[in-house]
2 protein chains.
Amino acid sequence: MRLSTKGRYAVTAMLDLALHSEDGPVTLADISAKQGISLSYLEQLFALLRAKQLVRGVRGPGGGYYLGRPADEISIADIICAVDEWVEFTRCSGKEDCRDGERCLTHSLWNELSERIYRFLTDISLADMVERDEVREVAGKQEDDLVEPPRKASGRAA
Amino acid sequence: MRLSTKGRYAVTAMLDLALHSEDGPVTLADISAKQGISLSYLEQLFALLRAKQLVRGVRGPGGGYYLGRPADEISIADIICAVDEWVEFTRCSGKEDCRDGERCLTHSLWNELSERIYRFLTDISLADMVERDEVREVAGKQEDDLVEPPRKASGRAA
DNA sequence: TCAAATACCAAGTAAAGCACTCGGTATTTA
DNA sequence: TAAATACCGAGTGCTTTACTTGGTATTTGA
């Protein structure tokens, strides 16, 4: 997997759609201005999103983009996969026969980790994020009840 | 943040240390052979890990690397941050004053998401992964009791 | 009917990062 | 003293990122 600024651009742009497409489609020019990224680059990202049917374009003046399906049916993982391409995780995962068994041990561990990350991102929908923001606006900065620290491990590295 | 093969190399290498450094230090030549990545590239990764004191090198014949601290005090986030550099998440996070407030809305949402991902990775230590693997070896492929699907959002994209 | 606004498309580009090579130096063990 | 290791820096080909340029297709509305 890859989780970088490209995915961030896509996610924030999709959030924009989720927040504003009630009063008509949102133009890329709008998003470009708001987020400060190039229009053509956005077009390229949206071409990828459209290919996965995460957005729907409307041409002509007054046109723009809508979400391709309801916001609660689009996960963060969907978006990131669409633009970043979900690259292979391990070199030997499944198919390739690992010689010494040793090698596959750490690989299977990493495999499990990435599976957990994937599931984590799959379980967060655009609707979740919008809703969460609205809740916060009303109730005022409620603390993190969704992720409670389950166990040990160190703090942020220097 | 960035979550790619470079981070994977570092994590699997650290897992190797966690698993094998009881009988002496682990050499990079070993890891290089096992994981099939270049020795010099490993050296560069370990230079970064060493800078963050996640590993400790021992020179001379019979030398190699130990973990810099106990495995339960090293999180996956620590490792990935060390090699991948935790790049800025939002352009305006905190310091830069966002003009219309609009822009900062999606930014704060993304900010929260990335914070959750970070916490998620922080909460998994090397010891957790090793322990989990041992448990699985003994008890035989126990299912995912650590991550239960909390709510909606769609499945894996085509 | 025509100009403007939008989506859509393809090619190219500079800079950065990735994974690697090469050629060393420093330190420790046997 | 030779070998094995960590440690170090410069350079290289490739891919990706973020962007630019220059279009075409479609729809609105004046």
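**Helix α1 of chain B and the two DNA strands**

Trainee: In this predicted model, is α1(B) largely enclosed by the rest of the structure or not, and how many of its residues are buried?
Mentor: Buried here means under 20% relative accessible area. The buried residues of α1(B) include B:Tyr9, B:Val11, B:Met14 and B:Leu17, and B:Arg8 and B:Asp16 are also among them. The helix is largely enclosed by the rest of the structure, because the buried residues number 12 of the 16.

Trainee: What span should helix α1 of chain B have, and how far apart are its end C-alpha atoms?
Mentor: The helix covers residues 5-20 of chain B, which is 16 residues. At 1.5 Å a residue the span should be 22 Å, and this agrees with the distance between the end C-alpha atoms, 22 Å.

Trainee: Which residues come nearest to DNA strand D?
Mentor: There are 26 residues around DNA strand D. By class, this surface has 8 nonpolar, 11 polar and 7 charged residues. Those that come nearest are A:Thr5, A:Arg59, A:Pro61, B:Arg50 and B:Tyr65.

Trainee: Which residue has a polar side-chain atom 2.8 Å from a base nitrogen of DNA strand D?
Mentor: Of the strand D atoms within 4 Å of the protein, 68% belong to sugar or phosphate and the rest to bases. On the phosphate side, a backbone N or O atom of B:Leu28 lies 3.1 Å from a phosphate oxygen. A side-chain N or O atom of A:Arg59 is 2.9 Å from a sugar or linking oxygen. The base nitrogen contact at 2.8 Å belongs to B:Glu43.

Trainee: What share of the atoms of DNA strand C that come within 4 Å of the protein do sugar and phosphate account for?
Mentor: Around DNA strand C there are 26 residues, with A:Arg50, A:Tyr65, B:Thr5, B:Arg59 and B:Pro61 coming nearest. Of the strand C atoms within 4 Å of the protein, the sugar and phosphate share is 67%.

Trainee: Which elements of chain B give two or more residues to the surface near DNA strand C?
Mentor: Polar side-chain atoms of chain B reach this strand at B:Gln44, 3.0 Å from a base nitrogen, and at B:Arg59, 2.9 Å from a sugar or linking oxygen. Chain A gives two or more residues from each of α3, β1 (55-58) and β2 (64-67). From chain B, the elements are α1 and α3.

Definitions and conventions: Residues numbered from 1 in each chain as written. Chains lettered and ligands numbered in written order. Predicted model: local features only at pLDDT ≥ 70, side-chain atom pairs only at ≥ 80, totals over all residues. Heavy atoms only, no water. Helix = DSSP H or I, 4+ residues; strand = E, 2+ residues; numbered from the N terminus. Expected span 1.5 Å × (residues − 1). Buried < 20%, exposed > 50% of the residue type's maximum accessible area, 1.4 Å probe, protein only. Near = heavy atom within 4 Å. Polar contact = N/O pair within 3.5 Å; in protein donor to acceptor, adjacent residues only side chain to side chain. Nonpolar A, V, L, I, M, F, W, Y, C, P; charged D, E, K, R; others polar.
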